[in-house]
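Colleague: Could you take a close look at one part of this model for me? I'd like to hear about the confidence first, then one residue and its surroundings, and then whatever else helps me place that residue in the whole.

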Amino acid sequence: MADNKGKVATADKKNTAKKPAQGAKADLFISPALSAVFWILSVVIVASAIIGNYYYTNFVVVDETTFGRLARVAIVILGLALGLGSALLTNKGRALLSFSRQAYTELRKVVWPTRQEAVQTTFIVFVAVCVVSLFLYFCDVIFLQIVRLFTL
C-alpha cells in the first residue's frame with residue numbers, strides 16, 4: 001500500500017513537471033491565420049515607412065528644416081518599430097523572443113576572463129602574429145630571390 005502511494009506521488013511530480021513546458025509551448029502558438037495577418041501587417045507597415053520616406057524626399061519639394069527632417073526620421077523609425085513589433089506577435093516572432101530570452105540566460109552563465117587573463121591572452125596572440133608575419137616575410141624574400149635567380 002505504501003509502495004502505491006509513493007508511485008502515485010512520483011507520477012504526480014512527473015505530470016506537474018511537464019505542465020509548465022506544455023504551457024510555455026501553448027503560449028507560443030497562435031492560429032496560422034492570425035499569424036499571417038500579423039506578417040502582412042508588418043510588411044505593409046515597413047513598406048509604407050520606406051516608400052513614404054522615399055516619396056517625401058524625392059518628390060515633395062519642401063525646404064526641410066531641422067525639425068521637419070527630425071520628424072520624418074522619427075516617423076520612419078516609428079514605422080520600422082511598429083513593423084517589428086507586429087512581426088514579433090507571430091509564431092516565429094514569439095519563438096525568436098523565447099530563443100533570445102534563453103540565449104540571454106545562457107550568456108549570464110558564461111565565466112568571463114579577468115582583466116589580467118585578457119591582457120595576457122592578447123599579448124600571446126600579438127606575439128604569435130608577429131612571429132608568423134616575420135616567417136611569411138622571410139619566405140617571401142627567399143622565394144623572390146629564387147624566382148629572380150631563374151628568370152634573370
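Modeller: Sure, and one term before anything else: pLDDT is the predictor's confidence in each residue, on a scale from 0 to 100. You need that here, as this is a predicted model. Among the elements of the chain, helix α1 (residues 2-28) comes out with the lowest mean pLDDT, 50, while α5 has the highest, 96. Over residues 15-21 the pLDDT is below 50, and beyond near neighbours in sequence that stretch has zero contacts in the model. For the chain as a whole the mean pLDDT is 84, with 80% of the residues reaching 70 or more.

Now the part to zoom in on: F38. You'll find F38 in helix α2, which covers residues 32-59. Its relative accessible area is 18%, and because buried means under 20%, F38 counts as buried. Leaving aside residues up to four places away in sequence, F38 touches I30, S86, L89 and T90. On the backbone side, the C-alpha atoms of F38 and L88 are separated by 8.6 Å, though the two residues sit 50 apart along the chain.

How does that fit the bigger picture? Buried residues such as F38 make up 9% of the 152 residues in the chain. Of the contacts in the chain with a separation of 6 or more, 71% are between residues 24 or more positions apart. The secondary structure amounts to five helices and zero strands, so if you read along the sequence, the pattern is simply α-α-α-α-α.

For contrast, go to the surface. The accessible surface of the chain is about 13,000 Å², and carbon and sulfur atoms hold 72% of that. A nonpolar surface patch of about 940 Å² is formed by L134, Y137, F138, I142, F143, I146, L149 and F150. One of these residues, I142, lies in helix α5 (residues 115-151), the element with the highest mean pLDDT.

Then there's the charged side of things. Side chains of opposite charge can pair when their charged atoms come close. A search of the whole structure turns up one salt bridge: the side chains of K109 and E106 meet at 3.2 Å, N to O. K109 is exposed, at 56% relative accessibility, whereas E106 is partly exposed at 46%.

Last, the cysteines. The same kind of whole-structure search gives zero disulfides. C130 is partly exposed, with a relative accessible area of 30%, and C139 is partly exposed too, at 22%.

So, back to your residue: F38 is a buried position in helix α2, with I30, S86, L89 and T90 as its contacts beyond four places in sequence.

Notes: Residues are numbered from 1 along each chain as its sequence is written. Side-chain values use heavy atoms; hydrogens and water are left out. A salt bridge is a side-chain nitrogen of Lys or Arg within 4 Å of a carboxyl oxygen of Asp or Glu. Buried means under 20% relative accessible area, exposed over 50%, partly exposed in between (1.4 Å probe, protein chains only). Helices (H or I, at least four residues) and strands (E, at least two) are DSSP runs, numbered from the N terminus. Contact means heavy atoms within 4.5 Å. Patches are made of residues with over 30% relative accessible area and no salt bridge: like charges are joined within 9 Å, nonpolar side chains (Val, Leu, Ile, Met, Phe, Trp, Tyr) within 5 Å. Accessible areas come from the Shrake-Rupley method with a 1.4 Å probe; for residues, only the protein chains shown count as cover. A disulfide is a pair of cysteine sulfur atoms within 2.5 Å.
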